[in-house]
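Work through the exercises below with the sequence and the model at hand. Each task is followed by a solution in steps.

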Amino acid sequence: MSCLCLTFAGQAAAQQAITIAATVNDKMISLLDVDSRITLSMHLADLPNTLDNRRRIVGQVLRSIIDEKLKLQEAKLREITVSRQDIARAEADFEQRAGLKKGGLRDLFRRLGIDSSSFLERLESHVAWSKLVTRRYLPTIDIGEKEIDDYLAEFERNKGKPEYLVSEIFLPTNDKQDTEQVRALADRLIDQINAGASFAAVARNFSQSPTAAAGGNLGWHPAGQLPREIDALIASLKPGQISRPLVMPEGIFIIHLEDRRVIDPFRQGTAKPASVTLHQAHFPLPADAGQALVSQVMARANELAQSANSCTNFDNLAKQTNSPLSGALGTFPINQLSAQLQSVVANLPVGKPSPPTRTDDGIIVVMVCHRTEEQKEKEMTPAQRREEIRERLIEERLTLAAEQYLRSLRRAAIVDIRL
């Protein structure tokens, strides 16, 4: 098992399990919990598993685990129960969002040689907290018809103006020194995203915002609806661009402008073809290559296809081909790919290498590192729009209540960090 940057290489898992990283109201977080979470998060976000990267993210990972402990403790105090079926549904949902097949999470734990109990507690905490917040605050939320009318009137006033589809990664900070460390982490995450890592995967594993579960997605927002600094940053971006770190009093934001459109109050979504982010390993062959050479190169390509288990690992192996055509290809609408490439990637799972394919100038193996499903534009009836607005306002109120609730738990908690 990979060691945490603060432990000795080769330290036994049993010793890590009893070494205390922190206590939360006298409940222990072990070094093994932190180490396992770091390893899993780095793998799912396609971050190279280096000592330097582990050192950069340990603070954010520990913060996440502390918050999960607080949520679970409060939920148990309020007699919130979480069933095995609840955990199974949460696990299946996580696998789907992470691009894993059914049962793939447990397989991943075994492959990485990490303990699963800490992550399963994360799922339990998420489910319990959602139940607690809903039970505590939903009965107090009353969205009146006038409030919906006002919301619709604002939409009508903004009709024809631009709105933006935005995703975020939020990394909280405590003080000036912490801000510098977190900014270094933000820079590293941005570098990995620009190198081909999925923004959604990084957000799910590192963002401390409530949007993390949805891959950081904030939805569509017109200018002026988000904080002024974030609005100004969004205006400077082009669709598809990732911002540099934005330092705010509460922490650091990374913003991804996914799309831009003109506001239409009764349109739901924007038509978009399915798209894929592709990485390639290219094995060159001369045009007059004989069958013996083709078979030899095909064997090398097959070996790579059977060995690669993540985009980072795939890229490292692809470099060994010494071909300038190996590496990240970019993100493309599937319908704009060649017929041959479409047939290769149409049903290829995220993070799984394709079988080797012969081309005019060699043999290629490709990997889908991120996939966006086709989105169809829909027209909404006024009644559907009102219901959609009601649900959005309820969700905003619940999110705000949950954030305030968690802040109060943090203030009252006795947390002892020993790393």
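The exercises concern a predicted model and deal with helix packing, a sheet and two single residues.

**Exercise 1. Packing of α4 and α5**

Task: Find how the axes of helix α4 and helix α5 cross, and list the residues that make the contact.

Solution:
- Step 1. Locate the helices: α4 covers residues 84–97 and α5 covers residues 104–112.
- Step 2. Their axes come within 9 Å and cross at roughly 75°.
- Step 3. Angles of 65 to 115 degrees count as roughly perpendicular, so α4 is roughly perpendicular to α5.
- Step 4. On the α4 side the contact is made by Glu 91, Phe 94 and Glu 95; α5 supplies Gly 104, Leu 105 and Arg 106.
- Step 5. Sorted by class, the contact has 2 nonpolar, 1 polar and 3 charged residues.

**Exercise 2. The sheet of 4 strands**

Task: Give the strand order of the open sheet of 4 strands and state which strands stand at its edges.

Solution:
- Step 1. The order is β9-β8-β11-β10, and the pairing is antiparallel.
- Step 2. β9 (327–333) and β10 (357–359) each have a single partner strand, so they stand at the edges, and one side of each has no neighbour in the sheet.
- Step 3. Ignoring direction, neighbouring strands of this sheet are turned against each other by 40° on average.
- Step 4. For one of the pairs, take β8 (residues 275–284) and β9: they are joined in the antiparallel sense over 6 bridges. Gln 280 stands opposite Gly 327 in β9.
- Step 5. Helix α12 (residues 311–319) lies across β8 and β11 (362–372), and runs at about 25° to β8.

**Exercise 3. Leu 189**

Task: Decide whether Leu 189 is buried or exposed, and name its contacts beyond four places in sequence.

Solution:
- Step 1. Leu 189 is found in helix α8, residues 176–194.
- Step 2. The relative accessibility of Leu 189 is 1%. Buried means under 20%, so Leu 189 counts as buried.
- Step 3. With neighbours within four places in sequence left aside, Leu 189 is in contact with Leu 47, Leu 171, Val 202, Phe 206 and Ile 254.
- Step 4. Arg 204 is 15 residues from Leu 189 in sequence, and their C-alpha atoms are 12 Å apart.

**Exercise 4. Phe 155**

Task: Place Phe 155 in its helix and classify its accessibility.

Solution:
- Step 1. Phe 155 belongs to helix α7, residues 145–158.
- Step 2. Its relative accessible area is 9%, so Phe 155 is buried.
- Step 3. Phe 155 and Thr 357 are separated by 202 residues in sequence and by 50 Å in space, C-alpha to C-alpha.

Terms used
Residues numbered from 1 in each chain as written. Predicted model: local features only at pLDDT ≥ 70, side-chain atom pairs only at ≥ 80, totals over all residues. Heavy atoms only, no water. Axes fitted to C-alpha atoms, helices over the stretch in contact; angles between N-to-C directions. Helix = DSSP H or I, 4+ residues; strand = E, 2+ residues; numbered from the N terminus. Parallel < 35°, antiparallel > 145°, perpendicular 65-115°, else oblique. Contact = heavy atoms within 4.5 Å. Nonpolar A, V, L, I, M, F, W, Y, C, P; charged D, E, K, R; others polar. Buried < 20%, exposed > 50% of the residue type's maximum accessible area, 1.4 Å probe, protein only. Pairing = 2+ DSSP bridges.
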